[in-house]
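Trainee: I am new to this structure and would like to look closely at a single part of it. Could you take me through one sheet, strand by strand, and then through what lies around it?

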Amino acid sequence: NYELSTKNVAALGYVSDNTTYKITFRYKITKGQGDVDIKFRTAHKHNYFGLFTEYKEAQYRIYGGEVGAGWKKATVYLKTKFAAAGTGALFMSFNPVVEGETVIFIDSVLAEPVSANKCVAAFLDNDGAAGKYVVVNKGSNVPLPEAAPKAQFASFVGWYADEACTVPYKGNSLANTGLTKLYSKWTPYSQKFDNYAYESVNTNQ
């Protein structure tokens, strides 16, 4: 059962702390001016904007080009970490990248704990969202994504086991069950700007 709690936000119910969840949902976008980001957070049921934890690894983007494409299914993973006691309500929010009228239908939202003998690797893109998930049995090696991620203004360097990108990850087995974040390292493209002469116009005359 879903509960509309505030503008563009739905309260999904309660979850447990320090637990990895698989969240699936169906969506259909019929009108939009651009992309829409689906985000998840845990907070107090009656105070969405108070103490909360937002799960960037579970962010899902619905693209504007999907308008009129019918129903699609999405799957994301997150590992809960409550900001404080009593903040175990799970919320789903809808965030248009571009302002304008947007119509999205959401159905069949299911959050289920991942089995204790499974490991989930979340390969995070340069914006911190997961570009790919890999689920394996505990103790199994996690293969690297076949295709390297791409960004408009940076080149991909490699995958790392730590957020500071000092420990390269080469597809070994994960030490922990549940969800493990793997970070992408990027090198910004050098930009050269030419000098352009222009004439200012005094509009007060």
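Mentor: What follows is a walk through one sheet, from its layout to its pairings, then to a residue in a loop beside one strand, and at the end to a pocket. Please keep in mind throughout that this is a predicted model.

The sheet is an open one made of three strands, which come in the order β7-β3-β9 with antiparallel pairing. β7 and β9 are the edge strands, each of them pairing on one side only. If you look at how neighbouring strands of this sheet lie against each other, you will find them turned by 25° on average, with direction ignored.

Let us take β3, which covers residues 20–31, and follow its pairings in turn. With strand β7, residues 72–79, β3 pairs in the antiparallel sense over eight bridges, and one place to see this is Y21, whose bridge partner in β7 is L78. With strand β9, residues 103–113, β3 again pairs in the antiparallel sense, here over nine bridges. Two residues let you trace this second pairing: the bridge partner of I23 in β9 is A111, while T24 has L110 as its bridge partner in β9. As you follow such a ladder, it helps to remember that in a regular strand the side chains alternate between the two faces of the sheet.

Now step back to T19, which sits in the loop between β2 (9–14) and β3 (20–31). The side chain of T19 reaches the backbone oxygen of D17 at a distance of 2.9 Å. Leaving aside residues up to four places away in sequence, T19 touches L78, K79, T80 and P113. L78 is thus a residue to find twice, as a contact of T19 and as the bridge partner of Y21.

Finally, consider the largest pocket, which has a volume of about 310 Å³. Among the residues that line the largest pocket are Y27, D37, Q59, Y60, R61, Y63 and E66, together with D125, D127, A129, A130 and G131. The elements that give two or more residues to this lining are β6 (60–62) and β11 (130–137). Sorted by class, the lining of the largest pocket holds five nonpolar, two polar and five charged residues.

Note on methods
Residues numbered from 1 in each chain as written. Predicted model: local features only at pLDDT ≥ 70, side-chain atom pairs only at ≥ 80, totals over all residues. Heavy atoms only, no water. 1 Å grid on protein atoms, 1.4 Å probe; cavity = no way out; pocket = protein on both sides within 12 Å on 5 of 7 lines; lining within 4 Å. Points joined across faces, edges and corners; volume = space filled by probe spheres on them. Helix = DSSP H or I, 4+ residues; strand = E, 2+ residues; numbered from the N terminus. Nonpolar A, V, L, I, M, F, W, Y, C, P; charged D, E, K, R; others polar. Polar contact = N/O pair within 3.5 Å; in protein donor to acceptor, adjacent residues only side chain to side chain. Contact = heavy atoms within 4.5 Å. Pairing = 2+ DSSP bridges. Axes fitted to C-alpha atoms, helices over the stretch in contact; angles between N-to-C directions.
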